[in-house]
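Here's a friendly walk through one protein model. Have a look at the sequence and the fold before reading on.

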Amino acid sequence: MKDANLFQLGIGLETGAHEEDTARGVTAANIDAVVESDREDHFIRKDGKVFAGTHLIIEVMKGTGLDCEARIQKAFRDCVEVCGATLLHIHTHKFSPQGVSGVAVLAESHISVHTWPEIGYGAFDVFMCGDAEPWKAVDVLKEAFNTDLVEVRELLRGEELIAKEVAA
């Protein structure tokens, strides 16, 4: 059982990732290579912009079911499927007397939440890079928590870094 718990937490899983090369440092040439290349780095190139990913801050209001771990986990899975992302693992925690925090770790980044079910509020983050479509998560969350009262703010992560280096 201990190994299953470690697996759920993602501990001991071989990812094939390599240690960060800190000796090179971040240079304009490194950033230029991302901007100019056709490599599969999962950076998004859209509307003349290059950025690491789309991060949506989603506020679910007057929602129901925000105290149910199983419902939140299903919403995470549904978001992953609809957005075209890749689920690595989910971890949630139920608070007493109410509330849930959780994260779905994705190959494309993450979905996270913290809820206040006593006021029908859920604070969701959906951050995805590559070809995933994070905006599709909004309708999934509306349906999952029975509300049309949802506000979304979009951040293009890394856009400022790329724009500053390209302009320099």
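What follows covers the sheet, the helices packed on it and the nonpolar core.

First, some ground rules. This is a predicted model, where local features need pLDDT of at least 70 and side-chain atom pairs count only at pLDDT 80 or more, while totals for chains, interfaces and linings use all residues. Residues are numbered from 1 along each chain as its sequence is written, and side-chain values use heavy atoms, with hydrogens and water left out.

Let's start with the sheet. Six strands form an open sheet in the order S4-S5-S6-S7-S3-S8, with antiparallel pairing. Strands (E, at least two residues) and helices (H or I, at least four) are DSSP runs numbered from the N terminus, and two strands pair if DSSP finds at least two bridges between them. S4 (87-94) and S8 are the edge strands with a single partner each, so one side of each has no neighbour in the sheet. From one strand to the next, the twist averages 10°.

Which strands does S3 pair with? Eight bridges tie S3 to S8 (residues 150-157), and seven link S3 to S7. Here are some residues that face each other across those pairings:

| Residue in S3 | Opposite residue |
|---|---|
| Val 60 | Val 150 in S8 |
| His 55 | Phe 127 in S7 |
| Leu 56 | Val 126 in S7 |

S3 is largely enclosed by the rest of the structure, because seven of its eight residues are buried (under 20% relative accessible area, with exposed over 50% and partly exposed in between, using a 1.4 Å probe and protein chains only).

Now for the helices. H3 and H4 pack with their axes 9 Å apart, at an angle of about 150°. Axes are lines fitted to C-alpha atoms, for helices over the stretch in contact, and angles run from 0 to 180 degrees between N-to-C directions. That makes H3 roughly antiparallel to H4 (over 145 degrees). Among the residues making the contact (heavy atoms within 4.5 Å) are Ala 75 and Cys 79 of H3 and Val 140 and Leu 141 of H4. H4 also lies across S3, S7 and S8, at about 20° to S3.

Finally, the largest nonpolar core has 28 residues, and those touching the most other members include Ile 58, Phe 76 and Met 128. Such a core is a set of buried Ala, Val, Leu, Ile, Met, Phe, Trp, Tyr and Cys residues joined through side-chain atoms within 4.5 Å. H3 gives the most to this core, with six residues.

How values were computed
Angles under 35 degrees count as roughly parallel, over 145 as roughly antiparallel, 65 to 115 as roughly perpendicular and the rest as oblique.
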